[in-house]
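Reader: Got a minute to walk me through this one? I'd like to start with what sits in the middle.

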Amino acid sequence: MEESLRTVVAGMIGGALMGLLFLAHISILLVNHPPSALLKRATVSNVSRLITISAFVTFVGWNVLAILMSFAAQGILEMSSLGVTFAPSVDYLFILAFLTLLIGIPSFVMFRDRKIHVFAELLVFLGVFGFLIPNLVVAVHNL
């Protein structure tokens, strides 16, 4: 029980970091270059409810994904003794590459005019999910 709680905490730390960085980046982007659809809606109605709900769902979503990935990292770490220095195993890296493509391809299509921002978020994703979460899982299980 205690081991799985530690895994959840490791995932929540990574998810909270990813959620905060993502929300900060999106917030700055929306303030500096808001999409025209959002500008039109802002003049007609109150967008604060939409922004609040979106921020909450995004933050919770990143935490759930991070918790799932921390359990994946823990499971792969227990099954495999072969690992690279920044990830528990090559299998974890394949899962991470698949998730990056799953997130990246639709993002590049939807945000064609903001490719550099999508690329920056994908780099943050790779850093948090590829480096931080597996190392947190290893660290909390070595306590």
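**The core and its helices**

Author: Sure. The largest nonpolar core has 17 residues, and M18, M69, Y92, F125, F129 and I133 are those with the most contacts inside it. Keep in mind that this is a predicted model.

Reader: Which helices each supply at least two residues of this core?

Author: Four are on that list: α1 (2-32), α3 (48-79), α4 (90-110) and α5 (115-141). The largest share comes from α5, with seven residues.

Reader: OK, back to M69. What is M69 in contact with, leaving aside its neighbours within four places in sequence?

Author: With those neighbours set aside, M69 is in contact with Y92, I95, L96, L99, F129 and I133.

Reader: Zooming out, how many helices and strands does the protein chain have?

Author: Five helices and zero strands. Read from the N terminus on, the elements go α-α-α-α-α.

Reader: And how much of the protein chain is buried?

Author: Buried residues make up 29% of the 143 residues. The protein chain exposes about 9,000 Å², with carbon and sulfur atoms supplying 75% of that.

Reader: What about contacts with a separation of 6 or more, what share comes from residues 24 or more positions apart?

Author: That share is 76% in the protein chain.

Reader: Now α3. How far does α3 reach from its first C-alpha to its last?

Author: α3 reaches 47 Å over its 32 residues, close to the 46 Å expected at 1.5 Å a residue.

Reader: Which residues in α3 are buried?

Author: In α3, the buried ones are W62, N63, A66, M69, S70, A73, Q74 and I76. As for what covers the buried residues of α3, the cover includes α1, α4 and α5.

Reader: Switching to electrostatics: how many salt bridges does a search of the whole structure find?

Author: Just one salt bridge turns up. R6 forms a salt bridge with E2, and the closest N and O atoms are 2.6 Å apart. In general, side chains of opposite charge can pair when their charged atoms come close.

Reader: Where do R6 and E2 lie?

Author: Both R6 and E2 are in helix α1, four residues apart, which is about one turn of the helix.

Reader: Buried or exposed, what are R6 and E2?

Author: R6 is partly exposed, at a relative accessible area of 24%. E2 has 53% relative accessibility, so E2 counts as exposed, given that the cut-off for exposed is over 50%.

Note on methods. Residues numbered from 1 in each chain as written. Predicted model: local features only at pLDDT ≥ 70, side-chain atom pairs only at ≥ 80, totals over all residues. Heavy atoms only, no water. Core = buried A, V, L, I, M, F, W, Y, C linked by side-chain atoms within 4.5 Å. Buried < 20%, exposed > 50% of the residue type's maximum accessible area, 1.4 Å probe, protein only. Contact = heavy atoms within 4.5 Å. Areas by Shrake-Rupley, 256 points an atom, 1.4 Å probe, with all protein chains shown as cover. Expected span 1.5 Å × (residues − 1). Salt bridge = Lys/Arg side-chain N within 4 Å of Asp/Glu carboxyl O.
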